[in-house]
Amino acid sequence: MRIRNLDTFYWIATLKSFRAAAEKLNLTQPAISARIQQLEQDLGVPLFTREARNAQLTHMGRRLLPYAERSMALEQDVLTAFTDTTSIPQTIRLGASETVASTWLPDFLNQLWAKLPSLSFDLMVDSTDNLLNGLVARDLDIAFLMGPVAEVSITNSALCEFDMVFAAVPDRAGQHARWTLADVAAQTVLTFALNTKPSRQIKEMLLPHGTGPLAMTTSSSLGALIRLALSGYGICAVPRAVISQELTLGQLAVLETDFNLPPISFTASFVSSGPISGLMKTIAQDACGVLAPSLDAQTYRRAPPE
């Protein structure tokens, strides 16, 4: 019995699809099917119910799954133990919110590559909702997102908090010496995508103080929001760290307010029981290590413990 056939079985059972397993392993579906047929011949039992639309395990398939999981975990343990010397490449499917991608992620990847040169990353920069869906669907191995993720199957490791501020071009920011909620509610507000936690919090804060419907322009692209703010179109509500360059250059100015916006917290989140969960825990710990100097310098805030 070949170990690669057992690995193939694990991914079909986990992803519940021959097609998804083929994409994951970069193989054709006929090749995937051939491996399972060989494994079934070796064991003398059917492993999947053929008439089901999705890949459903038979009773014997469910019996085999814990052994496949242990095999995958052992294989990963060996690779992890020799990560600094092995020439076998490993690709980690990493998800990151744009806030993280535009601040400390490049430093993290650079330092991690120096420590673990055999690792490479398939990077997905997206909204927290999409990153969460990617984790649950096992399309991502780990994600740096607005957390924690309230899923039993997901482990969360606290990373950092970002201070949120209202900012605008200097002429607009100087319209009030101290902005009230009513003053801000009368403006066009540019912020995170509609269903995100920061967007909901801002709407809840401003709505009681407006004289009519709030004018909110939302987007999953922080870059687009910042460009809109730079053009003079509205006031952006974004993490201070993301606009540090624009603030230093005087292109944007933080509004002085008589209230504070809630900070946004980020976690490193990964599947708890996956075969590479040990490596994901190491990556999460390394991210905390990379962040430590910036946390000490108060570039970012320390996240509250879980």
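A cavity, in my usage, is a set of points on a 1 Å grid over the protein atoms alone where a 1.4 Å probe fits but cannot get out. I take a volume as the space filled by probe spheres set on the points, with grid points joined across faces, edges and corners.

The model is predicted, so I kept local features only at pLDDT of at least 70 and side-chain atom pairs only at pLDDT 80 or more, while totals for chains, interfaces and linings use all residues. Residues are numbered from 1 along each chain as its sequence is written, and side-chain values use heavy atoms, with hydrogens and water left out.

**Entry: cavity**

I searched the whole structure and found 1 cavity of 30 Å³ or more. The largest cavity holds about 30 Å³ of space. I list its lining (residues with an atom within 4 Å of a point) as M164, P198, Q201, I202, L261, P262 and I264. Helix α10 gives the most, 3 residues; I number helices (H or I, at least four residues) and strands (E, at least two) as DSSP runs from the N terminus. By class, I count 6 nonpolar, 1 polar and no charged residues in this lining. For the classes, Ala, Val, Leu, Ile, Met, Phe, Trp, Tyr, Cys and Pro are nonpolar, Asp, Glu, Lys and Arg charged, and the others, Gly among them, polar.

**Entry: pockets**

A pocket is an open set of points with protein on both sides within 12 Å along at least five of seven lines. The largest one has a volume of about 1,200 Å³. Of its 42 lining residues, I find W11, K24, M72, R93 and D141 closest to the centre. The elements that each supply at least two lining residues are α1 (3-15), α2 (18-25), α4 (59-81), β3 (90-96), β4 (119-125) and α13 (277-296). The largest share, 8 residues, is from α1. I sort the lining into 20 nonpolar, 10 polar and 12 charged residues.

The second largest pocket comes out at about 300 Å³. I note 17 lining residues, with T128, M146, G147, P148 and K197 nearest the centre. At least two residues each come from α7 (128-136), α10 (197-206) and β12 (264-271). This lining has 8 nonpolar, 5 polar and 4 charged residues.

**Entry: helix packing**

I fitted axes to C-alpha atoms, for helices over the stretch in contact, with angles from 0 to 180 degrees between N-to-C directions. I call angles under 35 degrees roughly parallel, over 145 roughly antiparallel, 65 to 115 roughly perpendicular and the rest oblique. Contact means heavy atoms within 4.5 Å.

The axes of α2 and α3 (residues 29-43) come within 9 Å and cross at roughly 105 degrees. I therefore record α2 as roughly perpendicular to α3. F18, R19, A21, A22 and L25 of α2 make the contact with Q29, I32, S33 and I36 of α3.

For α1 and α3, I get an angle of about 110 degrees and axes 9 Å apart. That makes α1 roughly perpendicular to α3. R4, N5, L6, T8, F9 and I12 in α1 meet I32, R35, I36, Q38 and L39 in α3.

I last looked up α1 and α2, which pack at about 125 degrees with axes 8 Å apart. On that angle, I enter α1 as oblique to α2. T8, W11, I12 and L15 in α1 meet F18, A20, A21, K24 and L25 in α2. I class the contact residues as 7 nonpolar, 1 polar and 1 charged.
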